[in-house]
Amino acid sequence: MSVLLEVENLVVRYPAMGRVRAALRRQEREFDAVAGVSFSIEAGQTLGLVGESGSGKSTVARTLMGLKRAGSGSIRFDGRDITRAGAQDYARLRREIAMMWQDPVGSLSPRLTVGSLVTEPLRIHGKTADMAAEAKRLLEMVGLPEHFAGRFPHQLSGGQARRVGVARALALDPRLIIADEPTAGLDMSVQAEVLNLLAEMQGRLGIAILVITHNLNVVRHITDRTAIMYLGRFVETGPTEQIFQAPRHPYTGALLSANPEPDPDAARARITLTGEMPSPRNRPSGCEFHGRCLRAQPQCSATVPEFSSAGDQHAFTCHFLVRNGAG
Ligand SMILES: Nc1ncnc2c1ncn2[C@@H]1O[C@H](COP(=O)(O)OP(=O)(O)OP(=O)(O)O)[C@@H](O)[C@H]1O
Ligand SMILES: [Mg+2]
């Protein structure tokens, strides 16, 4: 397997007080929404990026799509450094990296038919093809009947809108799909359908997928690896099955019990997440999770925990577990 996407020490900043005010005051006050994350995705692999609202997931996606500049760190795609790629490079890169946006219906132009929507990427990239035939082919791939080509976005259910999003993402035959909250707002059964569809595309077409979600259980059945994100950093990364079998970081445990799987055998102790997530504009000292952690000790608010290994390719940042030999 070859590495398709390689992100190293990525830092992404936003103005701390809004762009306009910052410009008026001529101040360069910024905060790190993404504060140094590293990960890679191999060709045909699936990675889950999981964290609460505001943890920086979409910011990672926007940066990978070239819509937001990296503050520092590097992004390599297929061996090429694309960290400072310009608009021209990205016009080409968007054939290889497709995006499914967070808001499925809102991101579909309301006045275009489904047929035009799924073939729009082809037109944008100047491909000449029989668009009606292409629409039929793409709709078939995502399990929508041909006559849907004539429908408009407001006539679609949430699950159908997601399928149209997948069809659009597939239009240019990409090598990587970034799916931001692909199941948000869907019923359980429809969530499963959309996830199965993504897994099928990954298996059949060998596409690598980066799935972004706040619900850890969403990634369980379709990802090879998972990264747990908190305040713009990773607190645990590893093979998905290991993270579910033996979560190490207390935050991972809390995320797991916040969204229990509808499985009666999974009698996991419920750990509740208390308090609000702090703001990346004003980071806590030491381990940034200490204020919400049931295991927090004095050391936790004083020193930043390093990554510890929990086995093959599995790592986490927690003082408590290291001290108690649970690592
Ligand atoms: N354009 C922006 N300007 C300033 N701050 C921003 C901007 N976009 C996002 N942020 C801030 O950056 C942080 C990360 O936001 P981001 O949208 O990446 O989070 P997320 O993990 O995708 O959350 P959600 O689950 O709600 O989609 C948050 O604190 C957010 O308020
Ligand atoms: Mg988001």
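## A ligand and its contacts

An oxygen atom of ligand 1 sits 2.8 Å from a polar backbone atom of Gly54, a good place to start our tour. That pair is a polar contact, meaning N or O atoms within 3.5 Å of each other; within protein, one must be able to donate a hydrogen and the other to accept it, and residues adjacent in sequence count only if both atoms are side-chain atoms. Side chains take part too: a polar side-chain atom of Ser58 is 2.8 Å from an oxygen atom of ligand 1, and an N or O atom in the side chain of Gln102 is 2.8 Å from an oxygen atom of the ligand. On its own, ligand 1 exposes 630 Å², and the protein buries 70% of this area. Such accessible areas come from the Shrake-Rupley method with a 1.4 Å probe, and for residues only the protein chains shown count as cover.

Before going on, a word on the model: it is predicted, so local features need pLDDT of at least 70 and side-chain atom pairs count only at pLDDT 80 or more, while totals for chains, interfaces and linings use all residues. Residues are numbered from 1 along each chain as its sequence is written, chains are lettered from A and ligands numbered from 1 in the order in which they are written, and side-chain values use heavy atoms, with hydrogens and water left out.

## The shell around ligand 1

Which residues come nearest to ligand 1? Of the 15 around it, they are Ser53, Gly54, Lys57, Thr59 and Gln102. A residue belongs here if one of its heavy atoms lies within 4 Å of the ligand. By class, the shell holds four nonpolar, seven polar and four charged residues. In this grouping, Ala, Val, Leu, Ile, Met, Phe, Trp, Tyr, Cys and Pro are nonpolar, Asp, Glu, Lys and Arg are charged, and the others, Gly among them, are polar.

Strand β2 (30-42) and helix α2 (57-64) each supply at least two residues of this shell, and α2 gives the most, with four. Helices (H or I, at least four residues) and strands (E, at least two) are DSSP runs, numbered from the N terminus.

## The magnesium ion

Which protein atoms are donors to the magnesium ion, ligand 2? They are OG of Ser58 and OE1 of Gln102, lying 2.0 to 2.5 Å from the ion. Ser58 belongs to helix α2 and Gln102 to the loop between β6 (97-100) and α4 (114-124), so the two together tie parts that are 44 residues apart in sequence. Donors here are N, O and S atoms within 2.8 Å of the metal (3.2 Å for Na, K and Ca), and since water is not among the atoms, sites may look incomplete.

The two donors also differ in cover: Ser58 counts as buried because its relative accessibility is 15%, whereas Gln102, at 42%, counts as partly exposed. Buried means under 20% relative accessible area, exposed over 50%, and partly exposed in between (1.4 Å probe, protein chains only).

## Two covered helices

Helix α2 is mostly covered, with seven of its eight residues buried: Lys57, Ser58, Thr59, Val60, Ala61, Thr63 and Leu64. After α2 comes Gly66, which has a positive phi near 75 degrees.

Helix α4 is mostly covered as well, with eight of its eleven residues buried. Val114, Gly115, Leu117, Val118, Thr119, Glu120, Pro121 and Leu122 are the buried ones. Their cover includes α5 (131-141) and α6 (158-170). Gly126 follows α4 and has a positive phi near 65 degrees.

## Ala33 and Leu231

Ala33 lies in strand β2 and is buried, at 6% relative accessibility. Leaving aside residues up to four places away in sequence, Ala33 touches Val12, Arg13, Tyr14, Ser55, Gly56, Thr59, Leu231 and Gly232; contact means heavy atoms within 4.5 Å. From Ala33 to Val60 is 27 residues in sequence and 9.0 Å in space, C-alpha to C-alpha.

Leu231, one of the residues that Ala33 touches, is found in the loop between β9 (225-230) and β10. Is Leu231 buried or exposed? Leu231 is buried, with a relative accessible area of 0%. Its phi is positive, near 50 degrees, in a residue other than glycine. Most residues other than glycine have a negative phi.

## Thr237 and Gln313

Thr237 lies in strand β10 (residues 233-239) and counts as buried at 15% relative accessibility. Its contacts beyond four places in sequence are Arg225, Thr226, Ala227, Ile243, Gln313, His314 and Ala315.

Gln313, among those contacts, is in the loop between β11 (308-309) and β12 (315-316). Gln313 counts as exposed because its relative accessibility is 52%, and its phi is positive, about 60 degrees, although Gln313 is not a glycine.
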